[in-house]
Amino acid sequence: MEATQLVIIGSGPAGYTAGIYAARARLEPTLFAGIKSGGQLMYTSDVENYPGFAEGINGPQMMMTFRQQAERFGTNVQDSYVVAADLSQRPFKLWTQLPAGTNPEVFEVGSDEDILAVVNQAKQQPPDVEAQAVIISTGAVSILLGVPGERQLIGKGVSTCAVCDAAFFRDKVTYVIGGGDSAMEDTLALTKFAKKVTVIHRRDQFRASKIMQERVLNNDKVKVMWNSSLKEVIGADHVEKIKVEQDGQLQELPADGVFIAIGHKPVTQLLRDQLQLDDHGYVITRDSFSQLGLELARQHLDDHGLVKFPSMTSVPGVFAAGDVVDVRYKQAVTAAGQGCMAAIDAERWLELQ
Ligand code: NAP
């Protein structure tokens, strides 16, 4: 079994930034990057709002640069998942072997039940790693609508990532569900290939940033169905039709591709019962923008009224950063900032042990 001071779980901007800071603090961190390292930015084309890249940067390229920077200072990056954790006492115990026969993408596409089954099965074996402190930066994955046909046709016309899959829809009829920045980004990615892109949105205005909305609404290839919702995806081996309700009327429309872009949920199934989560599964820290976060913070004020170790979770020695904590901003730059905070908090906390 490997014993280490600090384990970082996750390889998005929060995890790699924590790696950069922790390695420079000589904590010799081990970072578990998952099988597909890089987090949600691997599914993004151009990142135009990360300071320091005046011309924008391609998401995967940006994450490779983050990784190289973390490794340059000595972060030990492992391309495997933390599959299960026991945070009940220190040293914390972690399992990193996917049980034989497990779908390697279970943490991305599996249901909560599938993931919990993997966690429980992994724990039948002895743990693989012990750590004095842990930073959780497992991020978030796409939410599905839960309508008939959707899950069964993933990879057969249903996708959660147009940036990855748009090229397969050359001259095809496609739909994007959602009204946030992800939906706008997916729509724009599809306009480069598809014959037709229709955005299906449940309200009469988008939530996305104004600049993204303008790009979508000014594109001749795009139509919007306002006040509409997807009710069913229909097809035997691949998507053939969709059922949509608009203003109370149901209609069937021919379709080749359906892109679900209705937001993300935190990846915390392996932490259930290990530390405090909110009702939606987000990790609570002393810095969470919520009643629970405020309550936790109030219990940990120093003599000057400052919150001690703001990124610490309800378990001393376990810190969290990025989309797994952040219900509100979810930007690469905010996640990176939180990763920095978690690493500094972990370093200072470990010094006191
Ligand atoms: P989001 O901002 O939460 O938007 C989700 C969209 O899906 C909303 O329009 C919402 O409708 C709709 N929706 C949610 N549940 C639904 C349901 N059950 N049925 C139908 N529609 C549903 O999520 P996001 O677009 O994934 O973005 C998340 C964060 O990442 C945001 O902070 C965003 O700014 C950031 N992001 C940034 C970029 C970029 O800057 N390039 C790219 C992608 C994401 P309502 O509007 O009615 O609630």
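**Exercise 1.** Which residues of α8 are exposed, and which are buried?

*Solution.* Start with Gln291 and Arg298: both are exposed (over 50% relative accessible area, 1.4 Å probe, protein chains only) on the other side of α8 from the buried set. Helices here are DSSP runs of H or I with at least four residues, numbered from the N terminus. Next, Gly293, Leu296 and Ala297 are the buried ones (under 20%) in α8, which spans residues 291–298. They sit on the same side of the helix because they cover an arc of only 100° around its axis, going by directions from the axis to the C-beta atoms.

A quick heads-up: this is a predicted model, so local features need pLDDT of at least 70 and side-chain atom pairs pLDDT 80 or more, while totals for chains, interfaces and linings use all residues. Numbering runs from 1 along each chain as its sequence is written, and side-chain values use heavy atoms, without hydrogens or water.

**Exercise 2.** Find out where Thr191 sits and what Thr191 touches.

*Solution.* First, place Thr191 in helix α6, residues 181–191. Then check its surface: the relative accessible area is 11%, so Thr191 is buried. Finally, leaving out residues up to four places away in sequence, its contacts (heavy atoms within 4.5 Å) are Val197, Asn219, Lys221 and Val222.

**Exercise 3.** Describe the largest cavity and its lining.

*Solution.* Searching the whole structure turns up one cavity of 30 Å³ or more. A cavity is a set of points on a 1 Å grid over the protein atoms alone where a 1.4 Å probe fits but cannot get out. The largest cavity holds about 90 Å³, counted as space filled by probe spheres set on the points, which are joined across faces, edges and corners. Among its lining residues (an atom within 4 Å of a point) are Asp287, Phe289, Gln338 and Met341.

How values were computed
Helices (H or I, at least four residues) and strands (E, at least two) are DSSP runs, numbered from the N terminus. On a 1 Å grid over the protein atoms alone, a cavity is a set of points where a 1.4 Å probe fits but cannot get out, and a pocket is an open set with protein on both sides within 12 Å along at least five of seven lines; lining residues have an atom within 4 Å of a point.
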